[in-house]
Amino acid sequence: MTIDQAAQLATDVLSEQHLSPTYQLRSDDPPTVAPGCIASLVDMHRLTHSTVPGMVDATEVKELFSRTRVLTGTGLSVLRVSIGPLRPSGPCDSLPDGRKRRWAGWDFDNVAGLDDLEAWAGVAGVWPLAEETARSAWRAVFAPSVKGFVDGSLVRRVTGYYLDMTTRRRWIETEPYDDETRRHIFSKNQSGREWEHLWLSIPRGPVAEFTARI
């Protein structure tokens, strides 16, 4: 199917949660997957490249989004940062081991062969967050979002931040969740299976945003 058709399919799958009587979601904030989300997931090697340009596999799209929990109204504090395909990094401070950050973004296949430090530097910094916002996000869910979709493998806990002196933006420090807390974040669907990924309905514009969802 085309990228546009895949976006509509993903939206329909997420909307099943919205329509469920057991799921509480504001009526003015339904999940909507944009074609750009699907295109980025293909470019980031999260969805398979089709042999036909501009086409994706419908089964793969449906499977991915059927395992995705919509987070609106869950009571979790979330620090969302917007990520995309791997690209050359702009100037910023050196990494803790003294290397320059070469890449920003994420590639699920890691075709560049980055080690853990350099790979995580592509999503952990540098973000235009105010000092107060960064401070408020302590222990929040760190959610690197591909236009709303958050792969479960990237979800971590915010443990701190520090100022990048070159950009005056902030690096986000994180750690993995323990199993019990992770189960709370992902919860279980109506079939009793744990969700694997997250969806955030996001406003246009901000590339980083903290929300305390009470």
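This is a short talk on how one predicted model is put together, from its sheet to its cores and a few backbone details.

Hi everyone, thanks for coming. Let me start with confidence, since this is a predicted model. The mean pLDDT of the chain is 90, and 92% of its residues reach 70 or more. There is one stretch to treat with care: over residues 22-27 the pLDDT is below 50, although this stretch still has 15 contacts in the model beyond near neighbours in sequence. Where pLDDT is low, the predicted coordinates should not be read in detail. I will leave that stretch there and move on to the sheet.

What is the order of the five strands in the open sheet? Reading across, we get E8-E7-E5-E2-E10, with mixed pairing. E8 and E10 are the edge strands, each pairing on one side only. From one strand to the next, the twist averages 40°.

Let's walk across it, beginning at E8. E7 and E8 run antiparallel and are joined by six bridges, and in that pair Gly160 stands opposite Glu173 of E8. Next along, E7 meets E5, again antiparallel, through two bridges; here Val141 has Arg157 in E7 as its bridge partner. Then comes the parallel pairing: E2 and E5 share five bridges in that sense. Two of the matched positions are Leu79, opposite Phe142 in E5, and Ser82, whose bridge partner in E5 is Ser145. Finally, E2 runs antiparallel to E10, residues 208-212, over five bridges, and Ser77 is partnered there with Ala212.

Now, take a moment on E5. How many of its five residues are buried? Five of the five, so to speak a full house. In a regular strand the side chains alternate between the two faces of the sheet. You can follow that pattern here: Val141, Ala143 and Ser145 point one way, Phe142 and Pro144 point the other way, and all are buried.

The next strand over, E2, holds a residue I'd like you to look at, Arg80. Is Arg80 buried or exposed? Its relative accessible area is 2%, and buried means under 20%, so Arg80 counts as buried. What surrounds Arg80? Leaving out residues up to four places away in sequence, Arg80 touches Ala143 and Ser145, along with Leu200, Ile202, Pro206, Val207, Ala208 and Glu209. There is also a polar contact of 2.7 Å between the side chains of Arg80 and Ser82.

On to the helix that goes with this sheet. H4, residues 116-124, is mostly covered, with seven of its nine residues buried. Those are Glu118, Ala119, Trp120, Ala121, Gly122, Val123 and Ala124. Where does H4 sit? H4 lies across E2, E5, E7 and E8, and runs at about 120° to E8. The cover over its buried residues includes those four strands, and also strand E4, residues 103-104.

That brings us to the nonpolar cores. The largest one has 40 residues, and Ile38, Phe65 and Ile83 have the most contacts inside it. H1, H2, H3, E2 and H4 each supply at least two residues of this core, and the largest share, seven residues, comes from H1. Phe65 is a nice one to click on: leaving aside neighbours within four places in sequence, its contacts are Ala10, Val13, Leu14, Val33, Cys37, Ile38, Leu41, Phe149 and Trp199. A second, separate core of 13 residues includes Leu71, Ala143, Phe186 and Leu198. You have met Ala143 already, as one of the residues that Arg80 touches.

Last, some backbone details for those of you who like checking torsions. Most residues other than glycine have a negative phi, and most peptide bonds are trans. Which peptide bond is cis here? The one joining Gly125 and Val126, with omega at about -5°. Val126 belongs to the loop between H4 and helix H5, residues 131-136. For positive phi, look at Lys147, near 55°, in the loop between E5 and strand E6. Lys147 is partly exposed, at 41% relative accessibility. Arg168 also has a positive phi, near 65°, and lies in the loop between E7 and E8.

That's my tour, and I'm happy to go back to any part of it. Thanks!

Terms used
Residues are numbered from 1 along each chain as its sequence is written. This is a predicted model: local features need pLDDT of at least 70, side-chain atom pairs count only at pLDDT 80 or more; totals for chains, interfaces and linings use all residues. Side-chain values use heavy atoms; hydrogens and water are left out. Buried means under 20% relative accessible area, exposed over 50%, partly exposed in between (1.4 Å probe, protein chains only). Contact means heavy atoms within 4.5 Å. Two strands pair if DSSP finds at least two bridges between them. A polar contact is a pair of N or O atoms within 3.5 Å; within protein, one must be able to donate a hydrogen and the other to accept it, and residues adjacent in sequence count only if both atoms are side-chain atoms. pLDDT is the predictor's confidence in each residue, from 0 to 100. Axes are lines fitted to C-alpha atoms, for helices over the stretch in contact, and angles run from 0 to 180 degrees between N-to-C directions. A nonpolar core is a set of buried Ala, Val, Leu, Ile, Met, Phe, Trp, Tyr and Cys residues joined through side-chain atoms within 4.5 Å.
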